[in-house]
Amino acid sequence: MNNLGPAASLRLGSQIQAAKATNWLLGGLGDLLVQVENPKWRENPYPLYEQIRQKGPLYRGLSGTWATTSHALCNQVLRDRRFGVKNADGSPVTGGALGAVANTYPESFLDQDPPDHTRLRRLAAPAFNPKRVDGYRPRVQQIVDSLLDKIEGQETFDLIKDLAAPLPITVISDLLGIPDADRGDFAEYGARIGEGLSGVHSIRQAKDLIHVGSELVALFDRLLKERTKDPGDDVISSLATAVGEEKMTARELHGTAMLLLLAGFETTVNLIGNGVHALLAHPEQWAQLRDKPELAAAMTEEALRYDPPVQATMRIAHADIELAGETIKSGQLVGVMLAAGNRDPEVYPEPDKFDITRTGGPEHLAFSSGIHYCIGARLARIEGEILFRSLAERMPLLRQAGPLERRESSTIRGLRAFPVTAKFPAQRSQ
Ligand code: HEM
């Protein structure tokens with residue numbers, strides 16, 4: 001599985017080229033959905049989403065793919081069981097080069113429709129019940145405190161590398177029970193696959209992603225064997241019990257563990273990065289949080305609404321479905337534009353305003369909706385709240401200290417580098 005032979009390499013190479021050519025062509029013809037991939041919108045995609053919204057609540061791209069920017073329609077599609085995440089041939093709807101790499105990975109329940117989705121999600125759910133997740137609070141606070149202790153004396157630091165990334169990867173490693181000796185590799189593999197979620201741009205990268213996937217599977221398989229003999233109170237142990245009871249296969253355990261790594265890591269890094277970026281770009285909001293650190297939970301919600309880490313998801317119609325006066329034919333795709341729904345003026349007054357005291361309106365779509373609603377939402381909220389609160393209390397002078405670098409992705413929105421300082425200006429050496 002970690003080998004991409006010559007024939008498969010050629011196939012993948014042509015897929016990468018074909019995807020680039022098709023996007024270029026459709027973009028030239030004025031397809032607004034293809035524009036979403038255009039680097040010129042990377043810094044700020046929201047005006048483009050607005051252009052799509054102006055075309056009506058349901059837009060049809062030239063490739064035949066539909067998309068919605070409406071909060072109500074996003075919710076409706078995500079909750080309607082006639083929409084799913086699998087093609088008729090059983091493959092996930094993720095297309096192109098990324099799909100080809102993903103096909104070599106064990107499937108996760110994010111890529112499954114019921115009944116498999118229901119069965120596998122239920123096996124993972126106990127680790128995320130509210131009582132258990134609330135019990136992680138002291139541990140999250142401890143991780144945040146020790147990260148801030150390390151950074152505090154430094155002239156400048158990278159908010160992503162030094163704070164946003166280590167927090168969630170430590171939390172997931174704890175949750176899964178990754179042994180200390182494997183944590184470095186685990187974090188590195190998670191980061192490399194996370195980068196791949198931005199799109200696969202070369203055969204070399206595709207091969208690397210396939211290799212990393214197989215290394216992770218080998219690690220999870222080793223842990224499955226160890227925890228079957230000697231279980232602990234971590235998630236891999238409880239999934240190993242389910243394998244022993246034939247409620248899931250070993251491959252399904254690999255897929256679930258990989259999902260928890262990817263879904264829990266990349267997204268939370270970007271909640272923290274995008275959240276701090278929004279705060280520092282709105283000094284009056286940052287001042288409010290410093291004055292009242294207890295606003296940190298509300299600020300986390302507003303950050304998730306204003307600039308969500310997952311900008312969009314996709315569903316496929318499993319039947320002909322009437323939606324907003326149109327017929328979505330069975331087999332057609334609908335882009336669910338979560339970030340655009342989060343700025344829908346129908347439900348949020350002044351949607352482009354970042355306001356940490358915002359009240360009213362429906363729940364934002366950052367965690368999706370319906371049966372695939374993020375299983376880790378409560379945990380992510382706790383991580384965000386504790387980190388934003390601790391920053392407001394311990395680093396009131398925090399500000400940007402150099403040019404930031406954005407990730408090259410339109411679906412996963414986040415920063416790759418974000419230099420900041422928390423020193424008094426006079427304290428800084430020349
Ligand atoms: C700010 C952080 C997070 C964001 C923005 C986020 C976002 C999302 C979204 C949008 C989905 C659904 C995608 C779809 O409908 O196609 C999802 C699903 C999921 N998330 Fe999260 N997530 C976050 C944190 C976490 C954490 C911390 C974990 C676990 C440790 C996690 C685990 C999952 C899992 C397992 C699913 C699949 C649920 C299913 O298919 O039933 N997420 N997440």
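Okay, let me start right at the ligand: one of its oxygen atoms has a backbone N or O atom of Ile371 3.4 Å away. Before I go on, keep in mind that this is a predicted model.

Staying with the ligand oxygens, there are two side chains to look at. For Thr313, the distance from a side-chain N or O atom to an oxygen atom of the ligand is 2.6 Å. For Arg121, a polar side-chain atom sits 2.7 Å from a ligand oxygen.

Now the iron. Which protein atom is the donor to the iron atom of the ligand? That's SG of Cys374, at 2.3 Å, and the protein gives the iron just that single donor. If you want to find Cys374 on the screen, go to the loop that runs between helix H17, residues 338–341, and helix H18, residues 377–394.

Let's step back to the whole shell. There are 27 residues around the ligand, and the ones that come nearest are His117, Thr313, Ser368, His372 and Cys374. So we've met Thr313 already, through that 2.6 Å pair, and Cys374 through the iron. By character, the shell splits into 17 nonpolar residues, eight polar and two charged.

And where do they come from? Elements that each give at least two shell residues include helix H6 (116–124), helix H14 (250–281) and strand E5 (313–317). H14 has the largest share, with seven residues.

Okay, away from the ligand, over to helix H3, residues 46–54. Which residues of H3 are buried? Tyr46, Leu48, Tyr49, Ile52 and Arg53 are. They're on the same side of H3, because the arc they cover around the axis is only 155°. As for what lies over those buried residues, the cover includes helix H2 (32–35), strand E1 (58–60), helix H16 (296–306) and H17. H17, you'll remember, is also the helix on one side of the Cys374 loop. And after H3 comes Gly56, with a positive phi, near 120°.

Last stop, another glycine. Gly153 is in the loop between helix H8 (137–152) and strand E4 (157–158). Is Gly153 buried or exposed? Its relative accessible area is 59%, and exposed means over 50%, so Gly153 counts as exposed. If you'd like a sense of scale, take Gly153 and Arg407: they're 254 residues apart along the chain, and their C-alpha atoms are separated by 28 Å.

That's my tour, so over to you for questions.

How values were computed:
Residues are numbered from 1 along each chain as its sequence is written. This is a predicted model: local features need pLDDT of at least 70, side-chain atom pairs count only at pLDDT 80 or more; totals for chains, interfaces and linings use all residues. Side-chain values use heavy atoms; hydrogens and water are left out. Donors are N, O and S atoms within 2.8 Å of the metal (3.2 Å for Na, K and Ca); water is not among the atoms, so sites may look incomplete. Helices (H or I, at least four residues) and strands (E, at least two) are DSSP runs, numbered from the N terminus. Buried means under 20% relative accessible area, exposed over 50%, partly exposed in between (1.4 Å probe, protein chains only). The arc is that of the directions from the helix axis to the C-beta atoms. Contact means heavy atoms within 4.5 Å. A residue is near a molecule or strand if one of its heavy atoms lies within 4 Å of it. A polar contact is a pair of N or O atoms within 3.5 Å; within protein, one must be able to donate a hydrogen and the other to accept it, and residues adjacent in sequence count only if both atoms are side-chain atoms. Ala, Val, Leu, Ile, Met, Phe, Trp, Tyr, Cys and Pro count as nonpolar, Asp, Glu, Lys and Arg as charged, and the others, Gly among them, as polar.
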